Amino acid sequence: MSLVSHDVREVHRLSRRDARRIAVRAQLLDQPRPTDLFEVVRRLTLLQVDPIKAVAPSADLVLWSRLGSSYDPQELSDAVDEHALVELEGLLRPADDLVLYRAEMQVWPGVGELRDWEEEQVEWVEANTACRLDILDRLRSDGPLLLRELPDTCVVPWKSSGWNDNKNVQRMLIFLVRSGEVAVAGGTGLRRLWDLAERVYPDDPVVPLEEAGRERNERRLRALGIARSRGQLMPGEPNLVADAGEPAVIDGVRGEWRVDPAQLGQPFRGRAALLAPLDRLIHDRGRMADLFEFDYQLEMYKPAAARHWGYYALPVLYGDRLVGKLDAKADHKDGVLRVFALHEDEPFTPAMSQAVQAEIDDLARWLQLEVDWV
(Lines give C-alpha, C1' and ligand atoms only; values in the text may rest on other atoms or scores of the structure.)
Protein backbone atom coordinates (compact mmCIF):
# COMPACT_ATOMS: atom_id res chain seq x y z
CA MET A 1 0.00 0.00 0.00
CA SER A 2 1.20 3.51 -0.72
CA LEU A 3 0.04 7.10 -0.58
CA VAL A 4 -0.44 9.05 -3.78
CA SER A 5 -1.33 12.74 -4.09
CA HIS A 6 -4.65 13.61 -5.79
CA ASP A 7 -5.09 17.39 -5.98
CA VAL A 8 -4.63 18.64 -2.42
CA ARG A 9 -5.65 15.39 -0.78
CA GLU A 10 -3.62 12.35 0.17
CA VAL A 11 -5.35 9.24 -1.14
CA HIS A 12 -4.49 5.67 -0.20
CA ARG A 13 -3.77 3.58 -3.30
CA LEU A 14 -4.72 -0.05 -2.76
CA SER A 15 -4.52 -3.17 -4.85
CA ARG A 16 -7.60 -5.38 -5.07
CA ARG A 17 -5.85 -7.83 -2.77
CA ASP A 18 -5.22 -5.06 -0.23
CA ALA A 19 -8.90 -4.09 -0.36
CA ARG A 20 -10.11 -7.67 -0.06
CA ARG A 21 -7.95 -8.33 2.98
CA ILE A 22 -9.17 -5.16 4.65
CA ALA A 23 -12.77 -6.22 3.99
CA VAL A 24 -12.26 -9.77 5.27
CA ARG A 25 -10.39 -8.65 8.37
CA ALA A 26 -12.98 -5.98 9.20
CA GLN A 27 -15.69 -8.64 9.04
CA LEU A 28 -13.83 -10.91 11.50
CA LEU A 29 -13.37 -13.66 8.92
CA ASP A 30 -9.60 -13.95 9.34
CA GLN A 31 -7.56 -15.63 12.06
CA PRO A 32 -7.80 -15.88 14.99
CA ARG A 33 -11.55 -16.30 15.35
CA PRO A 34 -13.40 -14.09 17.81
CA THR A 35 -14.81 -15.86 20.85
CA ASP A 36 -17.64 -13.62 22.08
CA LEU A 37 -21.07 -13.11 20.48
CA PHE A 38 -21.35 -9.49 21.58
CA GLU A 39 -17.85 -8.73 20.32
CA VAL A 40 -18.96 -9.94 16.89
CA VAL A 41 -22.27 -8.06 16.81
CA ARG A 42 -20.71 -4.82 18.03
CA ARG A 43 -18.06 -5.07 15.32
CA LEU A 44 -20.51 -5.98 12.55
CA THR A 45 -23.03 -3.43 13.95
CA LEU A 46 -25.95 -5.61 12.86
CA LEU A 47 -27.30 -9.07 12.12
CA GLN A 48 -29.94 -9.40 9.42
CA VAL A 49 -33.05 -11.34 10.41
CA ASP A 50 -34.28 -13.68 7.68
CA PRO A 51 -36.78 -16.55 8.00
CA ILE A 52 -35.20 -18.90 5.45
CA LYS A 53 -33.76 -21.97 7.20
CA ALA A 54 -32.49 -24.10 4.33
CA VAL A 55 -29.26 -24.55 6.29
CA ALA A 56 -29.84 -22.36 9.36
CA PRO A 57 -31.31 -18.90 10.01
CA SER A 58 -29.13 -16.21 8.43
CA ALA A 59 -28.20 -14.48 11.72
CA ASP A 60 -27.08 -17.79 13.20
CA LEU A 61 -25.06 -18.67 10.10
CA VAL A 62 -23.27 -15.32 10.24
CA LEU A 63 -22.33 -15.91 13.87
CA TRP A 64 -21.26 -19.50 13.23
CA SER A 65 -19.02 -18.31 10.35
CA ARG A 66 -17.14 -16.16 12.86
CA LEU A 67 -17.37 -18.14 16.11
CA GLY A 68 -17.43 -21.73 14.83
CA SER A 69 -19.34 -24.64 16.33
CA SER A 70 -18.89 -23.31 19.88
CA TYR A 71 -21.62 -20.78 19.04
CA ASP A 72 -24.96 -21.64 20.68
CA PRO A 73 -28.03 -20.09 18.95
CA GLN A 74 -29.74 -19.91 22.34
CA GLU A 75 -27.27 -17.13 23.21
CA LEU A 76 -28.74 -15.02 20.43
CA SER A 77 -32.33 -15.78 21.43
CA ASP A 78 -31.57 -14.86 25.04
CA ALA A 79 -29.88 -11.61 23.99
CA VAL A 80 -32.97 -10.62 22.00
CA ASP A 81 -35.41 -11.55 24.76
CA GLU A 82 -33.32 -9.66 27.33
CA HIS A 83 -33.15 -6.57 25.05
CA ALA A 84 -29.36 -6.69 24.88
CA LEU A 85 -29.90 -6.90 21.12
CA VAL A 86 -32.89 -5.11 19.62
CA GLU A 87 -34.50 -5.67 16.25
CA LEU A 88 -34.97 -2.52 14.20
CA GLU A 89 -36.31 -2.77 10.65
CA GLY A 90 -35.37 -6.46 10.39
CA LEU A 91 -31.83 -5.91 11.71
CA LEU A 92 -30.58 -6.90 15.16
CA ARG A 93 -28.41 -4.21 16.73
CA PRO A 94 -26.76 -3.74 20.13
CA ALA A 95 -29.28 -1.95 22.35
CA ASP A 96 -26.72 0.76 23.12
CA ASP A 97 -26.63 1.70 19.42
CA LEU A 98 -30.31 2.70 19.40
CA VAL A 99 -29.36 6.21 20.57
CA LEU A 100 -27.98 6.74 17.06
CA TYR A 101 -31.42 6.14 15.51
CA ARG A 102 -33.78 7.85 17.95
CA ALA A 103 -33.26 11.36 16.51
CA GLU A 104 -34.22 10.06 13.08
CA MET A 105 -37.33 8.50 14.60
CA GLN A 106 -38.29 11.82 16.17
CA VAL A 107 -38.45 13.49 12.75
CA TRP A 108 -40.15 10.62 10.88
CA PRO A 109 -40.92 10.57 7.99
CA GLY A 110 -38.02 12.95 7.39
CA VAL A 111 -36.92 16.56 7.27
CA GLY A 112 -37.45 18.94 4.37
CA GLU A 113 -39.72 18.28 1.41
CA LEU A 114 -41.19 14.78 1.49
CA ARG A 115 -41.39 12.48 -1.49
CA ASP A 116 -44.79 11.41 -2.76
CA TRP A 117 -44.64 7.96 -1.17
CA GLU A 118 -43.62 9.47 2.17
CA GLU A 119 -46.58 11.84 2.01
CA GLU A 120 -48.87 8.88 1.30
CA GLN A 121 -47.56 7.02 4.36
CA VAL A 122 -48.16 10.02 6.62
CA GLU A 123 -51.67 10.50 5.22
CA TRP A 124 -52.50 6.83 5.79
CA VAL A 125 -51.29 6.92 9.41
CA GLU A 126 -53.22 10.14 10.06
CA ALA A 127 -56.37 8.69 8.51
CA ASN A 128 -56.06 5.77 10.92
CA THR A 129 -55.16 7.75 14.04
CA ALA A 130 -57.78 5.86 16.05
CA CYS A 131 -56.17 2.53 15.16
CA ARG A 132 -52.73 3.88 16.04
CA LEU A 133 -53.98 4.99 19.46
CA ASP A 134 -55.81 1.69 20.00
CA ILE A 135 -52.59 -0.26 19.39
CA LEU A 136 -50.60 1.99 21.71
CA ASP A 137 -53.28 1.75 24.44
CA ARG A 138 -53.39 -2.03 24.16
CA LEU A 139 -49.61 -2.30 24.42
CA ARG A 140 -49.53 0.14 27.34
CA SER A 141 -52.01 -1.97 29.30
CA ASP A 142 -51.10 -5.51 28.22
CA GLY A 143 -47.80 -5.48 26.31
CA PRO A 144 -45.66 -7.11 25.15
CA LEU A 145 -48.05 -8.77 22.69
CA LEU A 146 -48.02 -10.84 19.53
CA LEU A 147 -49.19 -9.34 16.25
CA ARG A 148 -52.45 -11.32 16.30
CA GLU A 149 -53.27 -9.86 19.72
CA LEU A 150 -53.31 -6.28 18.46
CA PRO A 151 -56.54 -4.60 17.28
CA ASP A 152 -57.19 -3.70 13.66
CA THR A 153 -59.52 -0.69 13.79
CA CYS A 154 -58.22 0.95 10.62
CA VAL A 155 -60.92 2.79 8.67
CA VAL A 156 -58.71 3.11 5.57
CA PRO A 157 -57.18 -0.22 4.50
CA TRP A 158 -53.57 -0.31 3.42
CA LYS A 159 -53.30 -0.56 -0.35
CA SER A 160 -50.34 -1.94 -2.22
CA SER A 161 -49.55 -3.93 -5.34
CA GLY A 162 -51.17 -6.91 -3.66
CA TRP A 163 -48.56 -8.42 -1.34
CA ASN A 164 -49.50 -6.25 1.65
CA ASP A 165 -53.14 -5.44 0.87
CA ASN A 166 -55.20 -5.11 4.07
CA LYS A 167 -52.28 -6.05 6.31
CA ASN A 168 -53.17 -3.00 8.30
CA VAL A 169 -51.65 -3.83 11.68
CA GLN A 170 -48.37 -5.00 10.13
CA ARG A 171 -48.04 -1.75 8.20
CA MET A 172 -49.03 0.39 11.19
CA LEU A 173 -46.38 -1.33 13.31
CA ILE A 174 -43.73 -0.55 10.70
CA PHE A 175 -44.58 3.14 10.88
CA LEU A 176 -44.81 3.09 14.68
CA VAL A 177 -41.32 1.59 14.82
CA ARG A 178 -40.00 4.22 12.42
CA SER A 179 -41.53 6.98 14.54
CA GLY A 180 -40.06 5.52 17.74
CA GLU A 181 -43.35 4.67 19.45
CA VAL A 182 -43.23 0.86 19.23
CA ALA A 183 -40.36 -1.65 19.28
CA VAL A 184 -39.79 -5.37 18.93
CA ALA A 185 -39.59 -6.69 22.48
CA GLY A 186 -38.37 -10.23 21.83
CA GLY A 187 -39.03 -13.32 19.79
CA THR A 188 -38.73 -13.74 16.05
CA GLY A 189 -40.97 -14.36 13.06
CA LEU A 190 -44.61 -15.00 13.90
CA ARG A 191 -43.62 -15.21 17.58
CA ARG A 192 -42.21 -11.68 17.54
CA LEU A 193 -43.40 -9.61 20.50
CA TRP A 194 -44.26 -5.91 20.34
CA ASP A 195 -44.24 -3.29 23.08
CA LEU A 196 -43.91 0.43 23.69
CA ALA A 197 -40.45 1.56 22.63
CA GLU A 198 -39.92 3.33 25.96
CA ARG A 199 -39.94 -0.09 27.64
CA VAL A 200 -37.44 -1.60 25.21
CA TYR A 201 -34.91 1.07 24.22
CA PRO A 202 -32.30 2.21 26.75
CA ASP A 203 -33.17 5.49 28.45
CA ASP A 204 -30.02 7.22 27.21
CA PRO A 205 -29.67 10.76 25.81
CA VAL A 206 -30.55 10.87 22.12
CA VAL A 207 -27.62 11.73 19.84
CA PRO A 208 -28.48 14.72 17.58
CA LEU A 209 -29.40 13.84 13.99
CA GLU A 210 -26.28 15.04 12.15
CA GLU A 211 -23.89 13.72 14.79
CA ALA A 212 -25.69 10.38 14.78
CA GLY A 213 -25.37 10.17 10.99
CA ARG A 214 -21.62 10.77 11.15
CA GLU A 215 -21.17 8.18 13.89
CA ARG A 216 -23.23 5.62 12.00
CA ASN A 217 -21.04 6.16 8.93
CA GLU A 218 -17.89 5.69 11.02
CA ARG A 219 -19.19 2.48 12.57
CA ARG A 220 -20.35 1.20 9.20
CA LEU A 221 -16.90 1.80 7.75
CA ARG A 222 -15.23 -0.01 10.66
CA ALA A 223 -17.53 -2.97 10.01
CA LEU A 224 -16.86 -2.99 6.26
CA GLY A 225 -13.21 -1.89 6.30
CA ILE A 226 -13.57 -0.28 2.89
CA ALA A 227 -16.66 1.12 1.18
CA ARG A 228 -17.80 3.62 -1.40
CA SER A 229 -18.39 7.11 -0.13
CA ARG A 230 -21.42 7.83 -2.29
CA GLY A 231 -23.64 6.11 -4.82
CA GLN A 232 -27.00 4.45 -5.17
CA LEU A 233 -28.66 3.53 -1.88
CA MET A 234 -29.72 -0.08 -1.30
CA PRO A 235 -32.85 -1.11 0.61
CA GLY A 236 -32.17 -1.66 4.30
CA GLU A 237 -28.80 -0.81 5.79
CA PRO A 238 -26.88 1.64 3.55
CA ASN A 239 -23.63 0.48 1.98
CA LEU A 240 -22.19 4.00 1.71
CA VAL A 241 -20.11 5.87 4.29
CA ALA A 242 -19.97 9.51 3.07
CA ASP A 243 -16.76 11.12 4.41
CA ALA A 244 -15.95 8.58 7.11
CA GLY A 245 -12.38 7.31 7.30
CA GLU A 246 -9.85 8.32 4.66
CA PRO A 247 -10.02 8.46 0.83
CA ALA A 248 -8.74 5.55 -1.23
CA VAL A 249 -8.58 4.30 -4.78
CA ILE A 250 -8.41 0.64 -5.75
CA ASP A 251 -6.32 -0.37 -8.76
CA GLY A 252 -8.59 -1.53 -11.56
CA VAL A 253 -11.78 -0.41 -9.81
CA ARG A 254 -13.58 2.80 -10.70
CA GLY A 255 -14.91 5.30 -8.19
CA GLU A 256 -13.91 6.88 -4.90
CA TRP A 257 -13.64 4.72 -1.83
CA ARG A 258 -13.16 5.32 1.88
CA VAL A 259 -10.96 3.12 4.03
CA ASP A 260 -10.77 2.61 7.77
CA PRO A 261 -7.24 3.85 8.59
CA ALA A 262 -7.01 1.40 11.50
CA GLN A 263 -6.96 -1.43 8.92
CA LEU A 264 -4.04 -0.10 6.89
CA GLY A 265 -0.76 -1.95 7.16
CA GLN A 266 -2.18 -4.73 9.36
CA PRO A 267 -1.01 -8.34 8.98
CA PHE A 268 -3.42 -10.80 7.42
CA ARG A 269 -3.94 -14.47 8.31
CA GLY A 270 -6.72 -15.91 6.21
CA ARG A 271 -8.79 -19.04 6.67
CA ALA A 272 -11.67 -20.88 5.04
CA ALA A 273 -15.26 -19.89 5.78
CA LEU A 274 -18.73 -20.73 4.53
CA LEU A 275 -20.87 -17.60 4.29
CA ALA A 276 -24.59 -17.00 4.57
CA PRO A 277 -26.02 -15.61 1.32
CA LEU A 278 -26.86 -12.39 3.21
CA ASP A 279 -23.48 -12.14 4.94
CA ARG A 280 -22.28 -8.54 5.20
CA LEU A 281 -19.08 -9.34 3.31
CA ILE A 282 -21.10 -10.07 0.16
CA HIS A 283 -24.51 -8.48 0.79
CA ASP A 284 -23.61 -5.53 -1.46
CA ARG A 285 -23.28 -7.49 -4.71
CA GLY A 286 -21.70 -4.55 -6.55
CA ARG A 287 -18.94 -4.21 -3.96
CA MET A 288 -18.52 -7.99 -3.98
CA ALA A 289 -17.96 -7.94 -7.74
CA ASP A 290 -15.60 -4.94 -7.53
CA LEU A 291 -13.37 -6.37 -4.81
CA PHE A 292 -13.67 -10.14 -5.21
CA GLU A 293 -14.62 -10.50 -8.90
CA PHE A 294 -17.05 -13.16 -7.73
CA ASP A 295 -20.11 -14.30 -9.70
CA TYR A 296 -22.96 -15.13 -7.33
CA GLN A 297 -26.71 -14.76 -6.89
CA LEU A 298 -29.13 -16.08 -4.32
CA GLU A 299 -31.19 -18.45 -6.47
CA MET A 300 -34.00 -19.67 -4.21
CA TYR A 301 -36.54 -17.58 -6.16
CA LYS A 302 -35.47 -19.08 -9.50
CA PRO A 303 -37.04 -22.23 -10.99
CA ALA A 304 -34.92 -25.25 -10.12
CA ALA A 305 -33.91 -25.76 -13.75
CA ALA A 306 -32.55 -22.22 -13.97
CA ARG A 307 -30.25 -22.45 -10.95
CA HIS A 308 -26.50 -22.63 -11.43
CA TRP A 309 -25.38 -23.20 -7.84
CA GLY A 310 -28.42 -24.29 -5.84
CA TYR A 311 -31.41 -23.12 -3.84
CA TYR A 312 -29.40 -21.63 -0.94
CA ALA A 313 -25.75 -21.98 -1.96
CA LEU A 314 -23.21 -20.73 0.58
CA PRO A 315 -20.30 -18.71 -0.85
CA VAL A 316 -16.92 -20.20 0.04
CA LEU A 317 -14.18 -17.89 1.32
CA TYR A 318 -10.56 -19.00 1.30
CA GLY A 319 -8.06 -16.46 2.55
CA ASP A 320 -8.91 -13.21 0.79
CA ARG A 321 -10.75 -14.79 -2.15
CA LEU A 322 -14.23 -16.11 -2.77
CA VAL A 323 -13.54 -19.40 -4.49
CA GLY A 324 -16.78 -21.37 -4.78
CA LYS A 325 -20.30 -22.17 -3.62
CA LEU A 326 -21.60 -24.96 -1.38
CA ASP A 327 -25.04 -26.31 -2.31
CA ALA A 328 -26.31 -27.90 0.87
CA LYS A 329 -29.49 -28.34 2.92
CA ALA A 330 -30.03 -29.28 6.55
CA ASP A 331 -32.40 -32.26 6.89
CA HIS A 332 -33.06 -32.49 10.62
CA LYS A 333 -35.68 -35.21 10.17
CA ASP A 334 -33.11 -37.57 8.68
CA GLY A 335 -30.25 -36.16 10.77
CA VAL A 336 -28.05 -35.19 7.84
CA LEU A 337 -26.55 -32.15 6.16
CA ARG A 338 -27.13 -33.00 2.51
CA VAL A 339 -24.36 -31.70 0.29
CA PHE A 340 -25.52 -31.65 -3.32
CA ALA A 341 -22.47 -29.97 -4.81
CA LEU A 342 -19.33 -28.03 -4.01
CA HIS A 343 -18.86 -25.70 -6.97
CA GLU A 344 -15.23 -24.70 -7.48
CA ASP A 345 -14.71 -21.44 -9.36
CA GLU A 346 -11.25 -22.77 -10.09
CA PRO A 347 -9.78 -26.15 -9.17
CA PHE A 348 -9.07 -26.33 -5.44
CA THR A 349 -5.59 -27.14 -4.27
CA PRO A 350 -5.28 -29.98 -1.74
CA ALA A 351 -4.89 -27.38 1.04
CA MET A 352 -8.06 -25.58 -0.06
CA SER A 353 -10.03 -28.80 -0.27
CA GLN A 354 -8.91 -29.84 3.20
CA ALA A 355 -9.76 -26.45 4.74
CA VAL A 356 -13.19 -26.25 3.09
CA GLN A 357 -14.00 -29.83 4.07
CA ALA A 358 -13.12 -28.96 7.67
CA GLU A 359 -15.64 -26.10 7.53
CA ILE A 360 -18.34 -28.39 6.13
CA ASP A 361 -17.66 -30.88 8.93
CA ASP A 362 -17.80 -28.07 11.50
CA LEU A 363 -21.10 -26.82 10.06
CA ALA A 364 -22.60 -30.31 10.36
CA ARG A 365 -21.25 -30.68 13.90
CA TRP A 366 -22.78 -27.34 14.90
CA LEU A 367 -26.12 -28.40 13.39
CA GLN A 368 -25.79 -31.80 15.11
CA LEU A 369 -26.05 -33.55 11.76
CA GLU A 370 -23.99 -36.00 9.74
CA VAL A 371 -22.58 -34.96 6.36
CA ASP A 372 -24.28 -36.75 3.46
CA TRP A 373 -22.72 -36.14 0.03
CA VAL A 374 -25.51 -36.70 -2.49
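## A negative patch around helix α4

Helix α4 (residues 73-81) is the main contributor to a negative surface patch, giving three residues. The full set is Asp36, Glu39, Asp72, Glu75, Asp78, Asp81 and Glu82. This is a predicted model, in which local features need pLDDT of at least 70 and side-chain atom pairs count only at pLDDT 80 or more, while totals for chains, interfaces and linings use all residues. Residues are numbered from 1 along each chain as its sequence is written, and side-chain values use heavy atoms, with hydrogens and water left out.

A few words on terms will help here. Patch residues have over 30% relative accessible area and no salt bridge, with like charges joined within 9 Å and nonpolar side chains (Val, Leu, Ile, Met, Phe, Trp, Tyr) within 5 Å. A salt bridge is a side-chain nitrogen of Lys or Arg within 4 Å of a carboxyl oxygen of Asp or Glu. Helices (H or I, at least four residues) and strands (E, at least two) are DSSP runs, numbered from the N terminus. One patch member, aspartate 72, sits in the loop between α3 (58-67) and α4. Aspartate 72 is partly exposed, at 39% relative accessible area; buried means under 20%, exposed over 50%, and partly exposed in between (1.4 Å probe, protein chains only).

## Two three-stranded sheets

Now to the strands, which pair if DSSP finds at least two bridges between them. One open sheet of three strands runs in the order β3-β5-β4, with antiparallel pairing. Its edges are β3 (47-48) and β4 (85-88), each with a single partner strand, so one side of each lacks a neighbour in the sheet. Two bridges link β3 to β5 (residues 91-94), and glutamine 48 has leucine 91 of β5 as its bridge partner.

Another open sheet of three strands has the order β6-β8-β7, again with antiparallel pairing. Here β6 and β7 (182-186) stand at the edges, each with a single partner strand, so one side of each has no neighbour in the sheet. Strand β6 is joined to β8 (residues 193-196) by two bridges, with leucine 193 in β8 as the bridge partner of leucine 146.

## Strand β14 and its hairpins

Strand β14 (residues 321-331) is mostly covered, with nine of its eleven residues buried. Five bridges connect β14 to the antiparallel strand β13 (residues 314-318), and valine 316 is the bridge partner of glycine 324 in β14. These two strands form a hairpin with two residues between them, and glycine 319 in the turn has a positive phi of about 65°.

Eight bridges join β14 to β15 (residues 336-344), also antiparallel. Aspartate 331 has valine 336 in β15 as its bridge partner. The β14-β15 hairpin has four residues between its strands, and glycine 335 in the turn has a positive phi of about 75°.

## Backbone details to look up

Most residues other than glycine have a negative phi, and most peptide bonds are trans. Alanine 242, in the loop between β9 (226-228) and β10 (246-250), has a positive phi of about 55° and is partly exposed at 24% relative accessibility. Glutamine 368 has a positive phi of about 60°; this residue lies in the loop between α12 (350-367) and β16 (370-373) and is exposed at 72% relative accessibility.

A cis peptide bond joins glutamine 31 and proline 32, with omega of about -5°. The bond from tryptophan 108 to proline 109 is cis too, with omega near 10°.

Notes. Accessible areas come from the Shrake-Rupley method with a 1.4 Å probe; for residues, only the protein chains shown count as cover. Lys and Arg count as positive and Asp and Glu as negative; His and the chain ends are not counted. The place of a charge is taken as NZ of Lys, CZ of Arg, CG of Asp or CD of Glu.
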